[in-house]
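Me: I have a chain open in the viewer and would like to go through the terms used to describe it, asking in each case what lies behind the word. Please set each value against its cut-off where the reasoning needs one.

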Amino acid sequence: MKTTILIVEDEPILYERLRRFLVKENFNVLQYTKSYIEATTSLKLKTPDLVLLDINLQGEKDGIDLGEELYKTYKIPFIYVTDFADDVTFKRALRTNPNIFEVKTKPQLDTAHLLRSIKTVLQQQKTTEAFPNEGIMVYVDYLDKIKLYGKNEVTRVPLNFTDITFITTEAIKHSAQKYESIRNNYVRIETLKNKRFYYKSSLKNLLNLVPYHFIRINESTIVNLLSKSFNGRINGTKLSINKQQFSIKETYSKEVKKRLDSLFQS
């Protein structure tokens, strides 16, 4: 079955250019919509797999208003494709949790780059099908240990994203001198109530599956910036979460600041 895409764009020439390109790439494209009202009407008739969304639309409501609806109400992935690249617009758009933010290049849109973005988002959707909207299914122990559990014992539990404080591959400290390393291809997940769970994945792959407010701060740790236990930043080099301090490696510091600025008004 072909993937269906809705293009919400106020410029008919650009819509037609995109439509022809996507049809040539074997996508099904819904009819032209140029406003918030037309788009929501179209969504009630047919649910697309992906929406390409301009910010400048006809009518009182713009693409960011529609993006918020796509995220909160329709749960449909979308990519902003827009002329607006200023910081104010970007921060406002970012709060609607777009999958990707594409800036139209002059004189023509880079369709090859857009196609890669579309394929990336669609692949992410396939990968995240195993995840509930609100969380992740985690293991209570390593898989080989779980095999020894009784047949009536719980071995895997649902964990809401809001309950996660951080995800790491760092060793577990049992005492002043004893550490237990995390096994390869596993991550350790810590919660608000200091419970510990495991998930079979690399940090890199898991980062593609968690919400935007989860950010990698070094080679071994992802933190939840919206966790109730997030206490703040220390001298720009560390984060305090659940009474623990986590170092921000320079490689990740720019993105950490970007996320903090988009989530919290300074």
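Me: What makes up the lining of the second largest pocket by class, counted as nonpolar, polar and charged residues?

Reply: This is a predicted model, and in it the lining has five nonpolar, four polar and five charged residues. Of the 14 lining residues, F166, A171, K173, R188 and Q244 lie nearest the centre of the pocket. Among these five, F166 and A171 count as nonpolar, K173 and R188 as charged, and Q244 as polar, because Phe and Ala belong to the nonpolar class, Lys and Arg to the charged one, and Gln to the others. The space in this pocket is about 240 Å³.

Me: Which elements give two or more residues to that lining?

Reply: They are β8 (164-168), β9 (172-173), β11 (187-191) and β17.

Me: How do you know that β11 and β12 pair?

Reply: Pairing requires at least two bridges between the strands, and β11 and strand β12 (residues 196-199) have four bridges in the antiparallel sense, so they count as a pair. One of the residues involved is R188, whose bridge partner in β12 is Y198. The hairpin of β11 and β12 has four residues between the strands, and there N194 takes a positive phi near 60 degrees.

Me: Why are β15 and β17 called edge strands?

Reply: The open sheet has three strands in the order β15-β16-β17, with antiparallel pairing, and β15 (230-234) and β17 (244-247) each pair on one side only. Neighbouring strands of this sheet are turned by 25 degrees against each other on average, direction ignored. As for β15 and strand β16 (residues 238-241), they pair over four bridges, against a requirement of at least two, so the pairing holds by that criterion. In β16, K238 is the bridge partner of I234.

Me: Why are the buried residues of helix α2 said to be on the same side?

Reply: The buried residues of α2 (residues 36-45) are Y36, A39, T40, S42 and L43, and they cover an arc of only 160 degrees around the axis, which puts them on the same side of the helix. Buried here means under 20% relative accessible area, and exposed means over 50%. On the other side of α2, I37, K44 and L45 are exposed, which means that each has over 50% relative accessible area.

Me: What percentage of the residues in the chain is buried?

Reply: Buried residues make up 45% of the 266 residues, in a chain with eight helices and 17 strands.

Key. Residues numbered from 1 in each chain as written. Predicted model: local features only at pLDDT ≥ 70, side-chain atom pairs only at ≥ 80, totals over all residues. Heavy atoms only, no water. Axes fitted to C-alpha atoms, helices over the stretch in contact; angles between N-to-C directions. 1 Å grid on protein atoms, 1.4 Å probe; cavity = no way out; pocket = protein on both sides within 12 Å on 5 of 7 lines; lining within 4 Å. Points joined across faces, edges and corners; volume = space filled by probe spheres on them. Buried < 20%, exposed > 50% of the residue type's maximum accessible area, 1.4 Å probe, protein only. Arc of directions from axis to C-beta.
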